[in-house]
Amino acid sequence: MFRRRLPLPPFPPGGVLVGGAARDWLRGVAAKDFDWMVPDPAGAARGLAGALGGSAFELDAERGYWRVSAAGGVQHDLVPRPADVAEDLRRRDFTVNALGVLPGGRVLDVVGGQADLRARRLRMVSRENLRADPLRAWRAARFELTLGFRLEPLTEAAVREVASDLAAGRLPLPAWERVRDEVHALLRSADAARGVGRLEELGLLTLTVPELREGLGVTQGGFHHLDVFAHGVEALHQLIGRFPDAPVPLRWAALLHDVGKPRTLARDELTGRASFHGHDKVGAALTAQVLTRLKLPGEEVRHAAALVGAHMVPLPASEREARRFVHRRRALLPDLLAVMLADREAARGPLSSEASRRAYARGIERVLAALEEQPSAPPPLLRGEEIMALLGVPPGPRVGEATRALAEAAALGEVTTPDEARAFLRAWNAAN
């Protein structure tokens with residue numbers, strides 16, 4: 001059953017509301033992105049902007065596309081109305097997106113989209129339409145997850161065929177930016193972990209993050225009850241369960257935190273026990289490789305990779321060590337703690353116990369207390385010029401080493417005044 005339908009925005013003259021906004025209106029779900037077909041996009045955009053108190057601007061002069069940005073982040077895109085609206089709808093990806101709404105709420109349904117909405121069924125308009133834009137294979141997985149629908153069997157078979165043909169080079173791969181946007185829409189879902197599994201089932205993960213699939217079947221033992229791949233997916237699930245507002249880079253870090261394990265795997269010849277020395281550093285490099293390929297902003301790539309590279313750092317056993325932990329990793333906090341907690345909670349192997357999890361939680365609590373006590377680094381007690389004069393050294397690496405040593409001592413509360421800082425540096429210089 002559909003929910004009660006929400007009020008429609010004012011219709012531009014001759015306008016037809018199409019796509020996701022039409023689908024969501026029929027479902028009783030508020031839309032933020034509206035797609036309109038109109039005879040005069042420029043005039044309609046200006047009129048709509050005036051009615052909504054928004055702003056209109058041209059998106060594509062050659063094709064006559066316009067956009068209106070309204071309050072609350074609502075967006076209206078307006079394109080020229082084709083001579084045959086029904087034929088345009090028949091070229092769309094899925095029946096639930098091939099719907100139009102006319103003034104007064106009359107629905108234009110040419111391929112049975114309303115019946116599929118009621119059945120919560122995701123059905124392709126045609127196999128040819130899916131192949132015309134292979135990105136629609138990723139969109140199928142995303143819609144399944146975010147709409148709560150299920151792919152009907154023929155559509156699922158067609159999606160798998162598209163994935164297979166993409167892998168074999170029989171179809172061109174979509175631009176990475178477009179793939180990224182679909183995957184990120186999936187990762188933002190509360191059920192993103194299941195979505196990653198669905199990408200794997202449909203043959204799309206090997207096209208998106210093949211590095212992640214290297215963990216399939218790589219057993220670990222010890223603290224772990226899952227293989228490397230499933231552990232990463234479970235860590236993502238644990239992260240979202242505890243931090244539902246976690247941003248996408250943090251979700252990537254949780255998912256990829258052990259991506260370096262398959263390439264660092266070594267097994268003892270006698271016991272068969274697995275070890276993964278250096279997997280954190282290898283994983284950081286692979287994370288940067290994956291997210292760079294997906295065209296994430298550089299700052300987000302660096303942050304996610306740094307989280308992966310630091311996730312094996314031991315938690316502090318004392319308040320003093322907690323202050324040192326905060327000082328050395330302040331730029332990664334509190335995200336690093338979230339990844340570490342998700343990692344630990346996703347591991348329920350024979351060595352994992354309630355006592356070990358409680359001890360881990362206490363370590364995290366110590367860091368959080370230290371971070372609350374000192375939310376930002378204390379200001380420098382001495383300037384660089386003073387340090388050089390005190391130590392009698394020119395600009396260079398030695399000054400940087402001294403500055404870092406003094407900053408850590410200040411963060412630990414060992415020095416609090418300029419005089420104490422000078423005494424500390426004299427002793428440090430003599431010992432180093």
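Visitor: When I look at the lining of the largest pocket, how many residues fall into each class?

Guide: Please keep in mind that this is a predicted model. One way to read a pocket is to ask what kinds of residue make up its lining, and here the lining of the largest pocket divides into 17 nonpolar, four polar and 17 charged residues. The pocket has a volume of about 1200 Å³, and 38 residues line it, with Gly-19, Gly-20, Asp-33, Asp-35 and Arg-92 lying nearest its centre.

Visitor: Which helices and strands each supply at least two residues of that lining?

Guide: To place a pocket in the fold, go from its residues to the elements that carry them. For the largest pocket these are helix H1 (20-27) and helix H6 (135-147), together with the strands E2 (33-38), E3 (55-60), E4 (65-69) and E5 (75-80).

Visitor: How would I read the second largest pocket, and which residues lie nearest its centre?

Guide: The reading follows the steps already taken, beginning with the space, which is about 540 Å³. Its lining consists of 23 residues, and Phe-223, His-224, Lys-261, Met-312 and Arg-344 are the ones nearest the centre. Two or more residues of the lining come from each of strand E11 (274-275) and helix H18 (335-345), and H18 gives the largest share, three residues. By class, the lining has eleven nonpolar, seven polar and five charged residues.

Visitor: Is Thr-264 buried or exposed?

Guide: Burial is read from relative accessibility, set against a cut-off. Thr-264 has 15% relative accessibility, and because buried means under 20%, Thr-264 counts as buried. This residue belongs to helix H14 (residues 261-264), and, leaving aside residues up to four places away in sequence, Thr-264 touches Ser-275, Phe-276, His-277, Gly-278, His-279 and Val-282.

Visitor: Turning to the backbone, which residues does a cis peptide bond join?

Guide: Here the angle to look at is omega. The cis bond joins Leu-333 and Pro-334, with omega about 5°, and Pro-334 lies in the loop between helix H17 (319-329) and H18.

Visitor: What is the phi of Arg-120, and what is that of Lys-295?

Guide: For phi, check the sign and then the residue type. Arg-120, which is not a glycine, has a positive phi near 55°, and Lys-295, likewise not a glycine, has a positive phi of about 65°. Arg-120 sits in the loop between helix H4 (113-119) and strand E8 (121-122), and at 46% relative accessibility it counts as partly exposed. Lys-295 is in the loop between helix H15 (279-293) and helix H16 (298-310), and counts as partly exposed at 41% relative accessibility.

Technical notes: Residues numbered from 1 in each chain as written. Predicted model: local features only at pLDDT ≥ 70, side-chain atom pairs only at ≥ 80, totals over all residues. Heavy atoms only, no water. Helix = DSSP H or I, 4+ residues; strand = E, 2+ residues; numbered from the N terminus. Buried < 20%, exposed > 50% of the residue type's maximum accessible area, 1.4 Å probe, protein only. Contact = heavy atoms within 4.5 Å. 1 Å grid on protein atoms, 1.4 Å probe; cavity = no way out; pocket = protein on both sides within 12 Å on 5 of 7 lines; lining within 4 Å. Points joined across faces, edges and corners; volume = space filled by probe spheres on them. Nonpolar A, V, L, I, M, F, W, Y, C, P; charged D, E, K, R; others polar.
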